[in-house]
Amino acid sequence: MYHIIIRRLSTQQHHYKLVVIGAGCGGLACASKFAKKLSKNEIAIIDKNDTHIYQPGWTLAGAGLKTPDELEKSQSQCIPTNTTWIQSNASQIQPEKNLVELDDGKQITYDYLIVAAGIQTRYDKIKGAIDALDNDPKHVVSIYSRKYVRNVYNTLNNFRGGEAIFTFPGTPIKCPGAPQKIMYLAEDLFRRNNIRDKTTVIYNTALPVIFGVKKYAAALMEVVKARNIQLNTRLNLVEVRANSKEAIFENLDQPGTMKTFKYDLLHIGAPMAPYEFLAKSPLADANGFVDVVKETLQHKKFPNIFAIGDCTNLPTSKTAAAIAGSNSILVRNLINLMDGKSDSVPKYDGYTSCPLVTGFGKCILAEFDFNGQPLETLPIDQGKELRLSYILKKDVMPSMYWNMLIKGTWNGPGTLRKMFHLGMTK
Ligand SMILES: Cc1cc2nc3c(=O)[nH]c(=O)nc-3n(C[C@H](O)[C@H](O)[C@H](O)COP(=O)(O)OP(=O)(O)OC[C@H]3O[C@@H](n4cnc5c(N)ncnc54)[C@H](O)[C@@H]3O)c2cc1C
């Protein structure tokens, strides 16, 4: 009898008008907007994680400019009160049945679904990386995880010279600027600690260029030259040998050919991959990302499903800034669908941003669209290293994230940009 009751409870179905998978940046930005329109019984947010992390701050934490703790809040403080929080993970989506199955076996049905589950870090794709991160934290570090970021600043600050290698992986990643931002900050720290002349700083990237947007790539090449940083392209880290302090890279221009680097310090830019439950669902494209129309964020096959953020195949950099630039477009399109209206909605242009911190007090504030064309907000040349951009990154953006973006009141800088640039043409 007891078993029957338990089974009934665990296979219980609940129905919501709107279900949001993921209470990270994108999930909350959208759910907060809907919380003003729907009632608590109509909107559910699925996410097991009880901590919300301001991940863009991890780069700053790596350089000792923030503490990891100040980047975290309890999820219960962040989830909009007018919604139902289901503290489980989604394990399966069956879009033909409008059904999400949870990891505890419960089933949730919906009229409309927003997928915002992010992307997973996969250090295991590099042989020996987890072993080295866990067991040799004085030499191998990474800002890309909640666990490992805590160790980065101590290691960088205690470094006493040698070969310092920073890597960029051969997979799509969130914030593709971060692996080099931490390098510039580390290089600056080495100068401050008077060990720069005893240190070789090397950036080994799987990409063919330092950055995907020409304007900012040119500016970064100047920085790399001026700071005497060695840049090697098309090198993908495939193995870390902690015992001999060797990092093995595959030359992507000659597949199968390996190059070994000795290191005294290794910062690993984490490989990433879509979550399996999404990759194997009918929502995924061939690469495992949720397949959306890039201008509307609506799923290409299932019109009652939308997706936002790192889990999507939007052809733009995976950033919180991209979520700021797209969340109101998703929400307005979905409201049109719910209300049977066809009010005009601007098309998402791919707006994304990467505040490329190049040292303590300096930052190149890259902002661009789907075509890699700069979409700068400020009426000044953001391709230059500016203190203003650094202050925006370090002090203004965190507050905008917590107080506006995840509360559904920040729709990106589009309006500001128009204001500034209109002012300039008057
Ligand atoms: C080191 C670093 C530096 C960065 N720097 C910047 C920057 O300078 N500027 C910038 O704009 N962006 C930056 N970013 C990127 C930014 O943090 C992400 O792009 C953004 O958080 C993506 O939001 P999201 O909602 O797609 O995913 P996330 O915010 O990661 O949220 C995903 C949520 O989904 C949940 N989830 C996962 N699986 C499931 C499941 N099966 N069921 C239910 N829930 C699930 C997770 O628990 C999580 O809460 C940086 C990121 C990192 C790591």
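Biologist: How far apart do the end C-alpha atoms of residues 16-137 lie, and what percentage of the span is helix and what strand?

Modeller: In this predicted model, the end C-alpha atoms of residues 16-137 are 46 Å apart, and the span is 21% helix and 32% strand. An unreviewed UniProt entry lists residues 16-137 and 197-321 under "domain: FAD/NAD(P)-binding". Residues 197-321 are 15% helix and 30% strand, with their end C-alpha atoms 37 Å apart.

Biologist: How many aromatic pairs are there, and why is the pair of Y54 and W402 called tilted?

Modeller: The count is 10 aromatic pairs. The ring centres of Y54 and W402 are 6.4 Å apart, which falls within the 6.5 Å limit for a pair. Their planes stand at 50°, neither under 30 degrees nor over 60, so the pair is tilted.

Biologist: What parts of the chain does the pair of Y54 and W402 tie together?

Modeller: Y54 sits in the loop between β3 (51-53) and α3 (58-62), and W402 sits in helix α11 (residues 387-405), so the pair ties together parts that are 348 residues apart in sequence. Both Y54 and W402 are buried. With Y401, these two residues form one aromatic cluster.

Biologist: What makes the pair of Y123 and Y148 edge-to-face?

Modeller: The ring centres of Y123 and Y148 are 5.5 Å apart, within the 6.5 Å limit. The planes are at 90°, over the 60 degree cut-off, so the pair is edge-to-face. Y123 belongs to the loop between β9 (120-121) and α5 (129-135), and Y148 to the loop between β10 (140-141) and α6 (149-158), so the pair ties together parts 25 residues apart in sequence. Both Y123 and Y148 are buried.

Biologist: How many disulfides are counted, and why does C30 not bond to C25?

Modeller: The count is 0 disulfides. The sulfur of C25 is the closest cysteine sulfur to that of C30, but the distance is 9.2 Å, and a disulfide needs the two sulfur atoms within 2.5 Å, so they are too far apart for a bond.

Biologist: Why is there no bond at C175?

Modeller: The closest cysteine sulfur to that of C175 is in C354, at 4.1 Å. The limit is 2.5 Å, so this distance too is too far for a bond.

Biologist: How do you know whether C30 and C175 are buried or exposed?

Modeller: Buried means under 20% relative accessible area. C30 has 0% relative accessibility and therefore counts as buried. C175 has 19%, which is under the cut-off, so C175 is buried as well.

Biologist: Why does G170 count as exposed?

Modeller: The relative accessibility of G170 is 52%, and exposed means over 50%, so G170 counts as exposed. G170 is located in the loop between β11 (162-168) and α7 (178-192). From G170 to S39 the C-alpha distance is 44 Å, with their positions 131 residues apart in sequence.

Biologist: What makes a space a cavity rather than a pocket, and how many cavities of 30 Å³ or more are counted?

Modeller: In a cavity a 1.4 Å probe fits but cannot get out, whereas a pocket is open. The count is 1 cavity of 30 Å³ or more. The largest cavity has a volume of about 80 Å³, and its lining has 4 nonpolar, 6 polar and 2 charged residues. Among the lining residues are I308, D310, T316, S317 and K318.

Biologist: Which residues lie nearest the centre of the second largest pocket?

Modeller: F168, P176, L207, T316 and S317 lie nearest its centre, out of 27 lining residues. The lining divides into 16 nonpolar, 9 polar and 2 charged residues, and the volume of this pocket is about 520 Å³.

Definitions and conventions. Residues are numbered from 1 along each chain as its sequence is written. This is a predicted model: local features need pLDDT of at least 70, side-chain atom pairs count only at pLDDT 80 or more; totals for chains, interfaces and linings use all residues. Side-chain values use heavy atoms; hydrogens and water are left out. On a 1 Å grid over the protein atoms alone, a cavity is a set of points where a 1.4 Å probe fits but cannot get out, and a pocket is an open set with protein on both sides within 12 Å along at least five of seven lines; lining residues have an atom within 4 Å of a point. Grid points are joined across faces, edges and corners, and a volume is the space filled by probe spheres set on the points. Ala, Val, Leu, Ile, Met, Phe, Trp, Tyr, Cys and Pro count as nonpolar, Asp, Glu, Lys and Arg as charged, and the others, Gly among them, as polar. Buried means under 20% relative accessible area, exposed over 50%, partly exposed in between (1.4 Å probe, protein chains only). UniProt positions are given in the numbering used here, feature names are shortened, and annotations may be inferred rather than shown by experiment. Helices (H or I, at least four residues) and strands (E, at least two) are DSSP runs, numbered from the N terminus. Rings of Phe, Tyr and Trp (its six-membered ring) pair if their centres lie within 6.5 Å; planes under 30 degrees apart count as stacked, over 60 as edge-to-face and the rest as tilted.
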